[in-house]
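User: Please take a close look at a single strand of this protein and its surroundings. I should like a connected account, suitable for a first-year student.

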Amino acid sequence: MIVRRSLLIALAITATLSGAAHAADDQSSLQPVLNAGDNVLKFDWPAVSVGTGEYEEGPTGVTVFRFDRRVHAAVDVRGGGPGTVNTDYLRIGYEVPEVDSVVFSGGSWYGLESTTAVATALKDDDIRDGIWTNLALSVGAIIYDFGDRRLNEIYPDKRLAQAAARAARTGMFPLGARGAGRMAKTGHIFDCGAYSGQGGAFKQIGDLKIAAFTVVNAVGVVTDREGRVAACYRDKDWPQGELKTAELFGAFPASSKQGAWRPMAQKLDAKRNTTVSLVITNQKLDRARLERLATQVHSSMGRALQPFATELDGDVLYAVSTAELEGPVDESPTPNVDLDIIASELMWDAVLASIPPQQQIKQPDPNVTFTTAQLRSFAGDYVFSPNVSVRVTVEGNKLVAQASGARPAFAIRKENTVELLPASKTEFVVPGRYPTTLSFTEKGKLVLNPGHWQQVGSRKK
C-alpha cells in the first residue's frame, strides 16, 4: 500500500510538472505571419520560390527556399558554432541533383526542427514519398536569437516552417528583420547591438542568373564599400561623426572592453552569432565548381562582415545550381572566375540589404509630469515569460522598475531598481546606449520597446 501510494504521488507530481512545462512552452495559440514586409527584393526566376514565417510574439521566424526541381548543392561551413541539417550528406558530393529546399531559421538548435518540417511537408503534400529515389531532401541552418535580445524562448517550430513552405512564392524576398532574420543583431564584438535581418540581391547577365541571400546575425560589424559601419548603437564616449570599421579595429581591444571607447561589458549571450547564406545560379556546374563557388563567395563575406567566421560565429553558406543553363554564357577566358566574382559582389549587396531602419532611442520629456495616484496606476508585476518579470513600483514621486524573474529585462536589472523617466503620458524611458522604452498604452500590459521588436508583458491579477 505504501509503495502504491508513493507511486501515485510520484505520478501526480510528474503530471503536474509536465502540465506546467507544457503551459510554459505551448506555442499552439501562436498565429504564423507569412511573407510579411513591404521592403521586398523582386527577381525574375520561376525556379526559385521563397516563403517566410514569423511568430510576432517572439519575435522569431523562418525562411524557406523551394525549387521547382531537384537541384545540385554544396556547402561551406566556417566559424566555431554552426547548427545545420544534412550538411555531411552534401559533403559526400554525389553528382545527382537531390536538394528540394534550403531552410534558414531562428531559435538556435531548436530551430533545426524547421528544416526537417519542410521535408515532411513535401511528403504530406504528395510532392515526395517514401521511395528511396523520391525522398524529400531539405538542408538548413540556424541562428541564435535568444538571450538578452528578447524576453521569451519562443522558437520557429514545425507548424511555422510548414506554413512558410506552403506559402512560398516566386520572385519575392522580404528584406530586413523578416523571416529567419526577425530578431537578428550584429556588431556584438563592439557591443553595437544593432538590429539586423535578412538581405538579398539578384543579377541577370543575358541568360545567366545569380542570386544571393543571407541572414546576418554576425559578431562582427556590417561594413559598406566605403569602410563605414552600417549600423551600431554607439557608446557616448566614442568619436563622433562618421564611424569607420578601421577605427574600431585600430582601437581594439579598447573598443571592445571597458574604458574610454566602450564602458559596458559584453554579455555571454551576445557572443552567440551566425550568418547563414545561400548563393544560387542557373548555370550548370560540376561538383568541384559548385564547391569553389561556395568557398569563394563565403570567403568574400569577410569584406562586408568584420571580423568574420570567428570562434563565436557559426557561419554556413550553401551554393545551389538549378542547372537550367548549359555551360558558360560568354567568351571570357575565365568564365568560372567571373561567376565567382559577380556572386561575391552580390553577396555584399545582400549583406547591406539586411540592415533595417534602427529603433530610435526616445528621450525623457521634462515637461511631462504625473501625480502620485497616476503613477500608482502603472504599478504592478508584469510577466513576459516564465523567466522574465518586471516589478513596477512608486517610490516617492518617482516610478521605478526592477527585474523580478530569473533574467533581466534589457536595462531593467535584478540587482537594483532603475528610475523610469516620463517621455509622454503613457511612455517612460531608461536613458542609455540602447533603446529602453516602457509603454503602458494598453490596460494591464507593459510593452518594452514598442514597435517592430517589442516585448509584451501582462500584469498579474
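Analyst: In this predicted model, strand β6 (residues 99-105), helix α3 (residues 113-124) and strand β7 together form a right-handed β-α-β unit. Strand β7, which covers residues 138-142, is the part examined here.

The pairing of the two strands of this unit comes next. β6 and β7 run in the parallel sense and are paired over five bridges. One residue pair shows the register: Ser-101 has Ser-138 of β7 as its bridge partner. β7 also pairs with strand β5 (residues 84-85), but in the antiparallel sense and over two bridges. Here Val-85 is the residue that stands opposite Gly-140 of β7. Gly-140 thus has a place in the pairing with β5, while Ser-138 has one in the pairing with β6.

Is β7 enclosed or open to the surroundings? Five of its five residues are buried, so the strand is largely enclosed by the rest of the structure. In a regular strand, side chains alternate between the two faces of the sheet. In β7, Ser-138, Gly-140 and Ile-142 point one way, whereas Val-139 and Ala-141 point the other way. Residues pointing either way from β7 are buried. For the protein as a whole, 52% of the 461 residues count as buried.

The interior around this region may be considered next. In soluble globular proteins, nonpolar side chains tend to be buried together. The largest nonpolar core of this model has 32 residues, and those touching the most other members are Phe-65, Val-102, Phe-104, Phe-213, Leu-278 and Tyr-318. Both β6 and β7 are among the elements that give two or more residues to this core; the others are β3 (48-55), β4 (60-77), β13 (208-217), β15 (274-283) and β17 (316-325). The most, five residues, comes from β4.

Phe-65 illustrates how parts of the chain meet. Beyond its neighbours within four places in sequence, Phe-65 is in contact with residues including Ser-101, Val-102, Phe-104, Phe-213 and Leu-278. Ser-101, already met as the bridge partner of Ser-138, is therefore one of the contacts of Phe-65, where contact means heavy atoms within 4.5 Å. A second, separate core of 31 residues includes Ile-210, Leu-285, Leu-339 and Ile-355.

Finally, the setting of β7 is a protein with eight helices and 25 strands. Among contacts between residues at least 6 apart in sequence, 71% join residues at least 24 apart.

Note on methods: Residues are numbered from 1 along each chain as its sequence is written. This is a predicted model: local features need pLDDT of at least 70, side-chain atom pairs count only at pLDDT 80 or more; totals for chains, interfaces and linings use all residues. Side-chain values use heavy atoms; hydrogens and water are left out. Helices (H or I, at least four residues) and strands (E, at least two) are DSSP runs, numbered from the N terminus. Buried means under 20% relative accessible area, exposed over 50%, partly exposed in between (1.4 Å probe, protein chains only). Two strands pair if DSSP finds at least two bridges between them. A crossover is right-handed if, with the strands pointing away from the viewer, the path from the first strand over the helix to the second runs clockwise. A nonpolar core is a set of buried Ala, Val, Leu, Ile, Met, Phe, Trp, Tyr and Cys residues joined through side-chain atoms within 4.5 Å.
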